[in-house]
Amino acid sequence: MEKKKKVLIVGGGAAGLIAAVRLSAATEGVMVAERGARCGRKLAATGNGQGNVTNSFISPEHYRCGEADFPSHALSRYDYAEAEAFYRGIGIYLTKEEGKRYPLSLQASAVSDALRLKVEFSGAELVTDCNIVRAEKSAGVFSVYAADGRAFHAEKLLFAFGGKAGAQFGTDGTAYALAKGFSHTVTPLYPSLVQLKTETERIRGLKGIRMSARVKARGRYDAESEGDVIFTDYGVSGSAVFAVSGAVAAGGELEIEFLPEIKKEELYAILREKSDLPYGGILDGIVHKQLGRILERKVKGDLRALVSSLKSFRLKVVGAIGFDTAQVTAGGVCTAEVDARTMESKLIKGLYFAGEALDVDGDCGGYNLHWAFASASIAADSILKELFK
Ligand SMILES: Cc1cc2nc3c(=O)[nH]c(=O)nc-3n(C[C@H](O)[C@H](O)[C@H](O)COP(=O)(O)OP(=O)(O)OC[C@H]3O[C@@H](n4cnc5c(N)ncnc54)[C@H](O)[C@@H]3O)c2cc1C
């Protein structure tokens, strides 16, 4: 029988590696079981390969969760300054511009490499190609079983198996069954930070057009963001759409405000002035020509109606493109069954959760990797406290 570990971590992604760094600095007997051939594969692909690992504006309002207060404790204990210090401790220095923070090299792989090297250097075991398919607790000991028949045993078990988004990185959602095996509830799952499918009639002819806009989404909850909107043949994409996508991934409505920096009355005055010109379209030079033509055709010279359609372009959302292209999962292990101050299961003593596996999802901009950091750090603290009490 494999020697009993002190802590076994299922999932060698951002949260699993961060927890392993903290745990292996303080104790022997830490093992990470990772399903893929390498740890930190998704992390290495984040932020378009640049690794937007945190944000200087971390605060609970950037997160959604079944229990609204759940993320607060971890985020206040492990805030931006703690993240910056943690990354500095493994040789990763962050960019200084306010908001999104990246490693100075703008290479996400530098972060996953540094985490992995630190874990290995500290003597923890990284076991790859190890797909954990079953876990149980008996006589105070956790036993986990890999698909190839290997069995591992440990005093404490940390589930950091991620969500359902990005199956190509090892996260296809099957690992939630491990939590269910311990009677944990998994809330409904939705793709988030993802392209949206909308009614296509209103956007015919707009494929490929990118505009700056403010986007309001009304669906499971209300959300608002400003940034790029890109029209596609199936719907809309772009940073502003990504940011609100979780709200309407299961259907809802988008209200797109083009030219958000120009107030309605000012826009009306501009259009009146332009309408005096005896040539060209009224919206030429104001919005993309194709969008202008479509909007003008609909209102037939009514400038007030034209202002309204620029300021409130409504689109019915029929769904999201899907989990494979989504960056995160909304929904997950029910946080009412997990202690927010320790990340320990309220159902099974010695079982902990961290990262996207939990029903917590953050805004675009480094908030999700920060959640992986904060929740993994709290879990590691609590495990160490229990091991050495
Ligand atoms: C393309 C892309 C870009 C992104 N960019 C950003 C960004 O710039 N900033 C940001 O904040 N967030 C970003 N995210 C989201 C962020 O990557 C995730 O929220 C974060 O990685 C979650 O960390 P995690 O450790 O909980 O899960 P993951 O990093 O997904 O790690 C989970 C690990 O568990 C392993 N695993 C799963 N099941 C098992 C099993 N049964 N046995 C063993 N191992 C298992 C998986 O193989 C995986 O390695 C991005 C996501 C994607 C897909």
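Student: Leaving aside neighbours within four places in sequence, which residues is I9 in contact with?

Tutor: In this predicted model, I9 touches G16, A19, A20, L23, V30, M31, V32, A33, L158 and A160. Contact here takes heavy atoms within 4.5 Å.

Student: What makes I9 worth picking out in the largest nonpolar core?

Tutor: That core has 83 residues, and I9 is listed with Y87, L157 and F159 as having the most contacts inside it. Helix α11, residues 367-387, gives the most to this core, with 13 residues.

Student: Which residues does the second, separate core include?

Tutor: V215, A247, V248 and V287 are included in that core of 44 residues. A core needs buried nonpolar residues joined through side-chain atoms within 4.5 Å.

Student: Why is the pair H62 and Y367 called a polar contact?

Tutor: Their side chains are joined at 3.3 Å, and the cut-off is within 3.5 Å for a pair of N or O atoms, so the pair qualifies. H62 sits in the loop between β3 (54-55) and β4 (63-65). Y367 is also on its list of touching residues, along with F57, D361, G362 and D363.

Student: How do you know that the span of α5 is close to what is expected?

Tutor: Helix α5 (residues 108-121) has 14 residues and reaches 20 Å from its first C-alpha to its last. The expected value at 1.5 Å a residue is 20 Å, so the span fits.

Student: What do the buried residues of α5 pack against?

Tutor: They pack against α1 (14-24), α2 (41-45), α4 (80-89) and β6 (125-127). Among the buried ones are V111, L115 and R116.

Definitions and conventions: Residues numbered from 1 in each chain as written. Predicted model: local features only at pLDDT ≥ 70, side-chain atom pairs only at ≥ 80, totals over all residues. Heavy atoms only, no water. Helix = DSSP H or I, 4+ residues; strand = E, 2+ residues; numbered from the N terminus. Polar contact = N/O pair within 3.5 Å; in protein donor to acceptor, adjacent residues only side chain to side chain. Buried < 20%, exposed > 50% of the residue type's maximum accessible area, 1.4 Å probe, protein only.
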